[in-house]
Amino acid sequence: MDMKQAKRVEIIIEAVMERRVGQVLTEAGVTGFTMLPVLGGSGRSGHWTREGGVGRASGMIAVICLCAPHRLDRLLDALFPVLTDHIGVVSVTDTQILRAERF
Amino acid sequence: MDLILTLAGQNLLSPVILFFALGVAAALARSDLSFPEAIAKGMSLYLLFAIGFKGGASVASHGMDPGLVLAVLGGVVLSFALPFVAYGLLRAMAPRVSVLDAAAVAGHYGSISIVTFVALSAMLTAQGIPAEGYMIAVAAAMEAPAIVSALWLATRGGKSGGTGGAPGTELWREILLNGSIVLLLGSFFIGVISGERGMADLEPFIVTPFKGVLALFLLDMGLVAGRELRAARGVVTLRIVGFGLSMPLIGAAAGLGMGALLGLSAGGIAALTTLAASASYIAVPAAMRVALPRANPALYLSLALGITFPFNLTLGLPLYVALASAIAGG
């Protein structure tokens with residue numbers, strides 16, 4: 001199987017920033033990404049859960065995107081100003097992908 | 001006084017409030033009772049849909065009242081003005097609260113809690129006190145102006161806490177097109193257009209099950225409020241609690257005055273009083289996360305949801321209805 005090296009960027013961020021993060025990723029040339037709801041967690045502000053919540057203020061989402069290694073710096077540079085004041089975590093891991101021409 | 005005590009007694013023993021109390025108690029006791037987010041959202045959508053449609057149908061059956069425009073304007077003025085009062089009061093009562101946090105909190109107290117308004121509507125219906133149907137439109141109009149005042153208060157000190165990522169469009173979308181506003185106003189206008197015939201069509205769905213859904217939703221809100229109360233321990237001091245209990249009364253006084261000035265009915269005055277006394281915990285917190293991300297969300301959510309909402313629901317509403325009845329009757 002022909003596997004290629006890629007970067008997997010995982011962004012856990014406040015749900016209110018969903019649209020803005022999607023816009024930044026697209027502008028940085030990352031046209032494919034996945035957004036997932038986050039059920040709850042724990043951080044500097046303590047434990048939290050989305051159960052029973054109706055507003056978006058305290059919700060978080062996970063954004064996962066795969067990109068070619070040479071696109072990573074541009075992506076992180078674009079993301080930083082959006083994420084800097086908000087609650088969230090960004091992690092980057094090395095991964096391997098099939099059908100590299102799609103990224 | 002007798003009326004206040006009677007209403008308070010009836011209110012505290014109503015299933016809606018008892019379910020809310022059950023939710024708070026369960027959360028404080030760390031029970032695993034919880035509602036999936038999707039069900040909670042579904043119930044809130046149902047309540048907004050029902051209350052909006054009923055308000056519109058009521059306007060259609062009574063005819064378009066010229067008082068609508070004045071009432072909306074009165075609500076907008078209150079929403080713009082109350083954050084300044086809340087800001088001054090919070091800074092005076094708790095000087096350690098930062099300018100940014102005080103501005104964010106102030107925005108919540110100028111805006112409205114639609115669930116408190118829904119609970120008031122159920123109470124007015126139970127008491128046989130009619131209110132102007134267009135108070136729904138007033139509620140919708142009061143959501144956004146307070147956010148503008150809060151942002152002005154925050155940026156005045158040069159502490160916008162902005163995202164650095166041009167949040168302007170995002171913010172305005174969050175303020176003006178948030179789902180609650182769109183559904184509430186949309187249902188209201190559909191109610192106005194379809195009138196009594198539309199009401200007859202939807203009545204089995206939006207009238208009979210309404211109280212049951214409200215009770216279930218308030219059980220969920222009790223759980224959320226209880227969780228906020230638990231989280232508030234490290235954030236909220238006694239002085240801040242004092243603010244959370246006194247600000248609704250100040251807002252209520254302003255709402256009573258405005259309602260009387262506008263010549264609203266007893267139900268209408270009670271509605272405007274409740275709107276002015278309540279604090280937002282759906283629309284404004286989301287807007288504040290976009291516009292003022294450095295403001296502490298634990299502070300404004302704990303205040304609006306953990307302190308002011310339970311106060312209004314249990315003691316505030318009977319007080320506001322009794323005062324509104326006294327003013328309209330006198």
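This is a short tour of a predicted model, going from the contact between two chains to some aromatic rings in chain B.

Begin by selecting chain A and chain B together, where the contact draws 20 residues from chain A and 29 residues from chain B, and where about 2,000 Å² of area is buried between them, with carbon and sulfur atoms giving 53% of that area. Between these chains there are 2 salt bridges, and to see a salt bridge you can select A:Glu14 and B:Arg289, whose side chains meet at 2.4 Å, N to O.

Next, colour helices H3 (37-62), H9 (168-176), H11 (210-232), H14 (283-291) and H15 (297-329) of chain B, each of which supplies at least two residues to the side that touches chain A. Sorted by class, that side of chain B has 13 nonpolar, 9 charged and 7 polar residues.

Now turn to the aromatic rings, which form 7 pairs over all chains. Select B:Tyr46 and B:Phe205, whose ring centres are 5.2 Å apart and whose planes stand at 85 degrees, so the pair is edge-to-face. Because B:Tyr46 lies in helix H3 and B:Phe205 in helix H10 (residues 179-206), the pair ties together parts of chain B that are 159 residues apart in sequence. B:Tyr46 is buried, at 10% relative accessible area, whereas B:Phe205 is partly exposed, at 47%.

Then select B:Phe84 and B:Trp152, a tilted aromatic pair with 5.9 Å from centre to centre and 55 degrees between the planes, which links helix H4 (residues 67-93) with helix H8 (residues 145-156) of chain B.

Finish at B:Phe20, B:Tyr281 and B:Phe309, which form one aromatic cluster.

Notes:
Residues are numbered from 1 along each chain as its sequence is written. Chains are lettered from A and ligands numbered from 1 in the order in which they are written. This is a predicted model: local features need pLDDT of at least 70, side-chain atom pairs count only at pLDDT 80 or more; totals for chains, interfaces and linings use all residues. Side-chain values use heavy atoms; hydrogens and water are left out. Contact means heavy atoms within 4.5 Å. Buried area is the accessible area (1.4 Å probe) that two parts lose on being put together, summed over both. A salt bridge is a side-chain nitrogen of Lys or Arg within 4 Å of a carboxyl oxygen of Asp or Glu. Helices (H or I, at least four residues) and strands (E, at least two) are DSSP runs, numbered from the N terminus. Ala, Val, Leu, Ile, Met, Phe, Trp, Tyr, Cys and Pro count as nonpolar, Asp, Glu, Lys and Arg as charged, and the others, Gly among them, as polar. Rings of Phe, Tyr and Trp (its six-membered ring) pair if their centres lie within 6.5 Å; planes under 30 degrees apart count as stacked, over 60 as edge-to-face and the rest as tilted. Buried means under 20% relative accessible area, exposed over 50%, partly exposed in between (1.4 Å probe, protein chains only).
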